[in-house]
Amino acid sequence: MLTLKLLLFLAVLGWSLYSAAVYWSRRGDNKQALRTLQTDGRPERPLSLEESVALAPFLFEPSRPGQAMPLRRDGVFVLHGEYVRHGLTTGQGGETMHDTIGGVEVILPYDARDFLEPTNRAEVVFTEKFALVVGLNGSFDLLGGRARALRRQQQDQQWQTGKAGEVPDVAPMPDGEQADTVRESLRVEILGQRAETPAEVAARSGPGVGLVPALLWVLAFVALGIASVVAPGSRMFWLVPACGLAVLAVWWVWGRRRAAGPGKVNRVRGHVTAIALPAQGGTGVGLVRWFVGDKFPLELPAHWQARWATPPEGPVDVEMRVDGHTAVRFGRALSIDDEVTRFSPVHWGRHALLAVVGAVAVAVLPMWADDLHNDLVLTSAWIRHGEPQSFDRPDRLAAQLPAIGTPVHLFGQAECDWRADAGRTPRIDCTRLRWGAAGAVAAPIEVDALTRSLHEGDFLHARSDPRLELMLQLQLMGGGDPLARYQASANAPKVVTGLADLVRSVEAACATASGPCDTLRTGLVDGLMVDDPHAPKDWAGWVRQAASGELTGDRGVAVMRASAVAGVLQSARTVADQRAGALVAAALAARQAPEAGIVLLDVLPGGDTYLPPPPEETGALAFIDQLNGSQSDHLRQPFDVDGLLVGRHTGPGGATVLQIDALRHLGDPWPSLMRAGWLALGLGLLVLHGVLFGLRFHAARGRSRAVGAFIDERWPTAAFLG
């Protein structure tokens with residue numbers, strides 16, 4: 001992981017250095033091109049007084065608005081070349097960009113950017129660090145740009161104030177009959193300004209999708225989880241913020257919020273036009289935007305605009321919010337106020353998100369909270385103020401079985417239980433006690449000689465041969481390999497005798513195929529080396545030769561590497577454990593037969609729990625030896641358990657099994673209470689907001705259909721025209 005982080009860091013660092021090098025190289029080329037043009041260029045014409053006045057707002061350093069940049073040379077120069085924009089972007093979102101024409105950095109005043117072409121002819125004047133464009137491609141001039149900027153400012157002021165009257169054009173229209181038709185289609189008149197109605201305010205100021213309360217709940221769950229696992233001294237440091245965040249989240253959803261103030265609405269009249277913007281990549285049609293004339297963009301509610309492929313013909317009275325240009329009334333038919341007044345808005349987004357937060361909280365809890373059921377039992381006992389009960393004899397406990405969730409104190413003498421779980425070595429488990437067992441004598445377990453031979457390795461007769469070892473060492477050391485001594489040790493040859501008996505023993509032990517037996521057979525087939533061109537290539541061949549009596553004399557001797565011998569012995573021990581496991585399982589079933597008055601205690605130990613010490617882990621045969629020797633009363637040893645009864649069921653043969661959790665107790669219930677609180681809050685969010693989401697989503701679909709039917713009643717196109 002550390003290597004991956006280092007590689008990513010180096011990659012980011014390398015790319016950053018490369019980008020910086022390219023940026024400064026381009027900046028150097030831009031400055032050199034500017035110096036060359038200043039030195040070698042000849043002015044095309046003088047700069048007029050009006051142009052000098054219009055340039056004044058742009059004679060400063062772009063990165064330092066307070067630093068003036070006076071003109072360096074008199075006159076206007078011509079610059080030809082391609083337009084390129086380049087710069088540097090930082091990881092914090094900042095950027096430094098530069099516009100260049102013909103490799104010279106230029107400042108594009110007013111709306112000069114709208115007149116750029118792939119290859120440009122620009123009229124510029126110079127400062128020390130950049131050129132200022134005063135004319136571009138014969139279509140932009142500085143005075144015209146300034147005039148258009150002033151008219152745009154007038155348009156904006158009229159829009160903000162709602163002053164009644166015709167909105168001036170930014171660019172003057174040419175004269176002529178056709179121009180009059182175009183001018184009329186683009187004419188826009190502001191009829192007045194008013195404040196939003198309460199219904200229009202309610203339509204735009206809904207509760208949203210609940211991102212803030214969802215985030216507050218997530219932080220509350222995180223703080224609550226941390227509080228449940230930290231030390232008692234640090235618990236309040238996390239619990240108090242968790243409670244505060246939860247209360248704030250509830251208030252954010254259900255508390256009374258101050259209504260948003262009414263905004264401004266302008267009533268305008270004009271032809272509505274649709275302009276299709278090109279799709280990203282330059283192919284096809286992308287987003288289609290509507291405008292009132294060519295002055296103001298128009299944003300229609302989705303359920304309004306879905307009814308038109310193209311805007312209606314003729315002038316339309318439209319009422320739009322000043323901020324955002326969203327329509328609240330379109331013509332004489334469509335009105336947000338009418339819709340909201342007749343059909344109250346229904347919001348379901350926040351309920352959907354909060355239900356998801358609750359579901360995730362419930363799903364995540366079992367992933368980090370161990371024994372959640374025990375936490376719930378302790379929480380129930382804390383609420384009921386359960387009194388602890390004490391028992392020193394199993395018969396009294398069996399006669400007065402306490403209810404689940406009761407604090408209990410159990411002490412006396414008991415035996416550790418025997419376990420032979422599937423896939424695990426049989427073992428003695430002292431967290432499971434047999435209380436009241438009589439310790440009856442059981443018949444000893446008889447282990448056959450073949451199983452012991454496999455476990456001890458006696459079935460394989462392998463010995464060292466000094467002559468072979470010396471030959472191997474000389475061969476390896478002659479190559480100058482520094483690892484020769486290690487290789488000689490691992491590859492030391494062993495002489496294996498009695499191949500016929502070896503094969504018959506393995507075949508008898510592996511009467512039924514199993515994983516360990518397959519490994520044992522494969523190890524022998526791969527490891528046995530004989531000086532015979534007709535040597536068997538698989539295990540079936542070895543079995544045939546052993547049965548036919550061919551593996552006698554010199555043919556009954558083979559050579560194996562020391563590493564191969566070790567592997568075969570390990571596989572044989574695994575086979576022996578597997579064979580002995582069946583014997584152990586039968587013996588344990590007999591030893592664990594139900595006895596009168598016995599109680600099985602399944603204990604989750606705590607800090608003050610005293611249990612009999614478990615024996616050391618042993619192999620299967622050693623475990624059998626333990627079983628054969630454990631017939632005396634010394635197996636019953638003292639125990640002392642103080643905990644919570646979290647489960648009770650009937651075990652094998654009808655014996656009562658009690659599950660005792662000694663980690664959780666009423667003296668310190670807070671970790672369990674907080675985990676139970678996590679579950680309760682998660683379920684509360686899931687159920688409450690899930691139900692509300694379902695109800696409101698259904699209501700929202702009904703409202704959508706009702707609004708659609710209401711609009712259909714007013715649908716004739718003439719009703720929309722002013």
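**Close-up views of a predicted model**

**View 1. What sits on top of helix α18.** Among the elements that cover the buried residues of α18 are α16 (499-509) and α17 (515-527). Keep in mind that this is a predicted model, here and in every view below. The helix itself runs over residues 539-548, and its buried residues are Trp539, Gly541, Trp542, Gln545 and Ala546. Looking down the axis of α18, you'd find these buried residues within an arc of 160°, so they line one face of the helix. That fits the usual helix arithmetic: with 3.6 residues a turn, residues three or four places apart point the same way. And what does the face turned away from the buried side carry? There you meet the exposed residues Arg544 and Ala547. Just after α18 comes Gly549, with a positive phi near 80°.

**View 2. A disulfide between Cys510 and Cys517.** The two sulfur atoms are 2.1 Å apart. The link is left-handed, with -85° about the S-S bond. Are its two ends buried or exposed? Cys510 has 1% relative accessibility and Cys517 has a relative accessible area of 2%; the cut-off for buried is under 20%, so both count as buried. This is one of the 2 disulfides in the structure.

**View 3. The other link, Cys416 to Cys430.** Here the S to S distance is 2.0 Å. With 100° about the S-S bond, the link of Cys416 and Cys430 is right-handed. Cys416 belongs to strand β18 and Cys430 to strand β19 (residues 427-435), so the pair ties together parts that are 14 residues apart in sequence. Both Cys416 and Cys430 are buried. Count the bonded cysteines along the chain and the disulfide pattern reads 1-2, 3-4. For contrast, look at Cys243: its relative accessibility is 42%, so it counts as partly exposed.

**View 4. Strand β24 and its partners β18 and β25.** Strand β18 (residues 407-419) runs antiparallel to β24 (residues 637-650), and 8 bridges pair the two. If you want a landmark for that pairing, take Gly412, whose bridge partner in β24 is Phe639. How many bridges join β24 to β25? There are 6, and β25 (residues 656-661) also runs antiparallel to β24. In this pairing Leu644 stands opposite Asp661 of β25. As a reminder, strands of a sheet pair through backbone hydrogen bonds, either parallel or antiparallel.

**View 5. An open sheet of 3 strands.** The order is β20-β21-β22, with antiparallel pairing. Which strands sit at the edges? They are β20 (461-464) and β22 (557-561), each of which pairs on one side only. Neighbouring strands of the sheet are turned by 35° against each other on average, ignoring direction. Zooming in on β20 and β21 (residues 493-497), 4 bridges hold the antiparallel pair. Ser464 stands opposite Lys494 of β21.

**View 6. Helix α6 and what it packs against.** This helix covers residues 211-229. A quick geometry check: at 1.5 Å a residue its 19 residues should span 27 Å, and the end C-alpha atoms are 28 Å apart, which agrees. Its buried residues include Pro213, Leu216, Trp217, Ala220, Phe221 and Leu224. Gly225, Ala227 and Ser228 are among the buried ones too. Which helices do the buried residues of α6 pack against? They pack against α7 (232-254), α10 (349-368) and α21 (670-713).

Methods:
Residues numbered from 1 in each chain as written. Predicted model: local features only at pLDDT ≥ 70, side-chain atom pairs only at ≥ 80, totals over all residues. Heavy atoms only, no water. Pairing = 2+ DSSP bridges. Axes fitted to C-alpha atoms, helices over the stretch in contact; angles between N-to-C directions. Buried < 20%, exposed > 50% of the residue type's maximum accessible area, 1.4 Å probe, protein only. Arc of directions from axis to C-beta. Contact = heavy atoms within 4.5 Å. Expected span 1.5 Å × (residues − 1). Disulfide = S-S within 2.5 Å.
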